[in-house]
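This report describes a metal site and the enclosed empty space in a predicted model. The sequence and structure are shown first.

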Amino acid sequence: MKTTFSIIKADVGGCPGHSKVNEKLIEVANKMLRDGKENGTIKDFFVTNCGDDLELIMTHDKGENNEEVHSLAWNVFKEGSDLAKELGFYGAGQDLLKDAFSGNIRGLGPGIAEMEFTERKSEPIIAFMMDKTEPGAFNLPIYKIFADPFNTAGLIIDPKLHSGFRFEVWDIKEHKRVFLNAPEEMYDLLALIGAKSRFVIKRVYPKEGSLPEDEPVAVISTEKLYQIAGEYVGKDDPVAAVRAQSGLPALGEVLEPFAFPYLVSGWMRGSHNGPIMPVSNKNAKCTRFDGPPRAIAIGFQLKNGMLTGHEDLFDDPAFDYTRQEAERIADYMRRHGPFEPHRLPLEEMEYTTLPKVMDKLRDRFEPVS
Ligand code: F6R
Ligand code: MG
Ligand code: MG
């Protein structure tokens, strides 16, 4: 039996400011997805938020890019935007960049991580959601999970993982993709994905083994808002889904990379680098300097397309030390103020509001010999 796991997300309004999704919007989403479940559009769902992003996690048997499922998500975001406007929430409807829905939600603003696969006897799957960062923020943890034996012990000691994994990497500027095998092409893979603002891991596939080689085991959203809108309209806070256990990295191997508060870009005005902080859903609100960037992880068990149980995985003292370290790094980065590398390099500021400031000075530049 094949199941599709879809995470579709959008910022349709924050309260207060860009910090968090208000409970009233969560209620609207829950109600509409409950209706969608009752009328058979989806099989099951879970609604949550990471900072100011409304996250719809849905299961169904309709495959990727399904019109009915995507239009349900679109309607939730539309309804949520309307309520956000009525209540004067901040940035109401900000990620809905087009007025009309036609066929599927891609290219309309919301971020999507969707994969269809044959359910195993027991199917653990983790939904990761981040706020105040960009799709490339997933490169480091996804690489570590599926290719780094210092993270994933199973790559060394479990024969089912020993042959490694295949990575689908997208060049999000040129709109091209390449498939690379790890461990054989590990250095080529790192050469690309280390440049995380341009090369983004889109999917991971198993190699020869017990799982079908054409069914993904991980998928990441890669939507870039400025490419759709043609200007800076907010950050492309990404989501990802990762399957675990039994021939795949263990749940704890999937979570382990987040014990390192690595640097990501997208903090404050989409223009700063800062540490990613793994937090519980309760603490997924962006406060200090609109951050620091946050990650949440909700783990599920799937059975016949139903979400039979879930857990808020970073709601755990095992990540307390990481959070403290993240705070220390946040402090260190903040002390640089407007200087790089806290502020992003100029080429990455191209799609923020900075060029408008620079325009003013353009005529005052004179040649120097
Ligand atoms: C939003 C974000 C925020 C905003 C900042 C300024 O996702 O990253 O840091 O960029 O709060 O927002 P405006 O210009 O709406 O006042
Ligand atoms: Mg916002
Ligand atoms: Mg956001």
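## Metal coordination

In this predicted model, four aspartates supply oxygen (OD) donors to the magnesium ion (ligand 3): Asp52, Asp53, Asp131 and Asp237, at 2.0 to 2.4 Å. Along the sequence, these donor residues follow the spacing D-D-x77-D-x105-D. Asp131 belongs to strand β5 (residues 123-131), whereas Asp237 sits in the loop between α6 (225-229) and β10 (239-243), so this pair ties together parts that lie 106 residues apart in sequence.

The magnesium ion (ligand 2) lies 4.7 Å from the magnesium ion (ligand 3), and Asp52 coordinates both.

## Burial of two donors

Asp131 has 0% relative accessibility and therefore counts as buried, the cut-off being under 20%. Asp237, at 5% relative accessibility, also counts as buried.

## Internal cavities

Two cavities of 30 Å³ or more are counted in the model. The largest has a volume of about 80 Å³. Its lining includes Lys160, Leu161, Phe165, Pro206, Lys207, Glu208 and Gly247. By class, the lining of the largest cavity consists of four nonpolar, five polar and three charged residues.

The second largest cavity has a volume of about 70 Å³. Among its lining residues are Lys9, Asp95, Glu223, Lys235, Asp236 and Asp237; Asp237 is also a donor to the magnesium ion (ligand 3). The lining of the second largest cavity divides into six charged, three polar and three nonpolar residues.

Terms used. Residues are numbered from 1 along each chain as its sequence is written. Chains are lettered from A and ligands numbered from 1 in the order in which they are written. This is a predicted model: local features need pLDDT of at least 70, side-chain atom pairs count only at pLDDT 80 or more; totals for chains, interfaces and linings use all residues. Side-chain values use heavy atoms; hydrogens and water are left out. Donors are N, O and S atoms within 2.8 Å of the metal (3.2 Å for Na, K and Ca); water is not among the atoms, so sites may look incomplete. Helices (H or I, at least four residues) and strands (E, at least two) are DSSP runs, numbered from the N terminus. Buried means under 20% relative accessible area, exposed over 50%, partly exposed in between (1.4 Å probe, protein chains only). On a 1 Å grid over the protein atoms alone, a cavity is a set of points where a 1.4 Å probe fits but cannot get out, and a pocket is an open set with protein on both sides within 12 Å along at least five of seven lines; lining residues have an atom within 4 Å of a point. Grid points are joined across faces, edges and corners, and a volume is the space filled by probe spheres set on the points. Ala, Val, Leu, Ile, Met, Phe, Trp, Tyr, Cys and Pro count as nonpolar, Asp, Glu, Lys and Arg as charged, and the others, Gly among them, as polar.
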